[in-house]
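Here's a quick tour of one model, with a few spots worth a look. Have the structure open as you read.

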Amino acid sequence: MTKTTLFGAALFSILASGASAADPSILVQSTTSTQNSGFYDYILPIYKSETGVTVNVVAVGTGQAIKNAQNCDADVLLVHAKAAEEKFVADGFGVARSDLMYNDFVIVGPAADPAAIAGGTDVVASFKTIAEKKALFASRGDDSGTNKAELKLWDKAGIDTKAASGDWYRATGSGMGATLNASVGMGAYTISDRATWISFGNKGDYQITVEGDPVLFNQYGIILVNPEKCPSVKADLGQQFIDWLTSPHGQQLINDFKLDGKQLFFANAN
């Protein structure tokens, strides 16, 4: 590709986003569920209209988002794996962590329900049953926040998923949308954050089979990347975005975000 072509592609990107090269902007490394659910399509234009700041988002699994932020490729980190987030701050990569919002995880599966777990509220017992019956289960297997939560549940159930890998336990190595598609395609159970499940368009005969267990609670956190570790961080703009989202105004906007009349995230900034 020539320099002229590269410049043209970059210019097209700026024009397509409605931003100019002089616009203030920040980069957020984010989990995929906030992107897949349409949350950013909803809230970032509001933020831009009120502040003039463009927020660019890289949506990947939480593990990869944290790695990207550690490599100074972010101003703000927005993910959902609290222990990993706290370690990120403790290791000096983040200034401070704040709760932002929450929802929950759900187990989804085919209407045929081969493990006979539909209607359950004890996810650990349900996982034990899936393993005993060797019913297919699709895991993201990508070190995302959802994958971390899933693996903790298998540990609580006393199930060795490595031993079952390639048999009834299938790791896709993909994001939530792709894993849901794979699950529907093979008739497998999987775990999803509720927001992505609600917004998922290829449900087929799939339904929520297990929900309501307190261990399925799904907390999202937001962190300013430490400018002492990463001098390129736009600390003032990044903190402004965090302050806006955690303010009463931002929290109300989070609560107002709905799809088909269903609230996808519940604000709980501390």
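## A residue in helix 9

Is Thr179 buried or exposed? At 0% relative accessibility, Thr179 counts as buried (under 20% relative accessible area, with over 50% being exposed and anything in between partly exposed, using a 1.4 Å probe and protein chains only). Thr179 sits in helix 9, residues 176-186 (helices are DSSP runs of H or I, at least four residues, numbered from the N terminus). Setting aside neighbours within four places in sequence, Thr179 is in contact with Ala138, Ser139, Arg140, Thr172, Ser174 and Thr190 (contact means heavy atoms within 4.5 Å).

## How to read the model

This is a predicted model: local features need pLDDT of at least 70 and side-chain atom pairs pLDDT 80 or more, while totals for chains, interfaces and linings use all residues. Residues are numbered from 1 along each chain as its sequence is written, and side-chain values use heavy atoms, leaving out hydrogens and water.

## Two cores

The largest nonpolar core has 39 residues (such a core is a set of buried Ala, Val, Leu, Ile, Met, Phe, Trp, Tyr and Cys residues joined through side-chain atoms within 4.5 Å). Among those with the most contacts inside it are Phe39, Ile43 and Phe88. Apart from this core lies another, of 22 residues, including Val124 and Leu216.

## Helix 6 meets helix 7

Helix 6 (residues 123-133) and helix 7 (residues 145-157) pack at about 80°, with their axes 9 Å apart (axes are lines fitted to C-alpha atoms over the stretch in contact, and angles run from 0 to 180 degrees between N-to-C directions). The two helices are therefore roughly perpendicular (65 to 115 degrees; under 35 is roughly parallel, over 145 roughly antiparallel, and the rest oblique).
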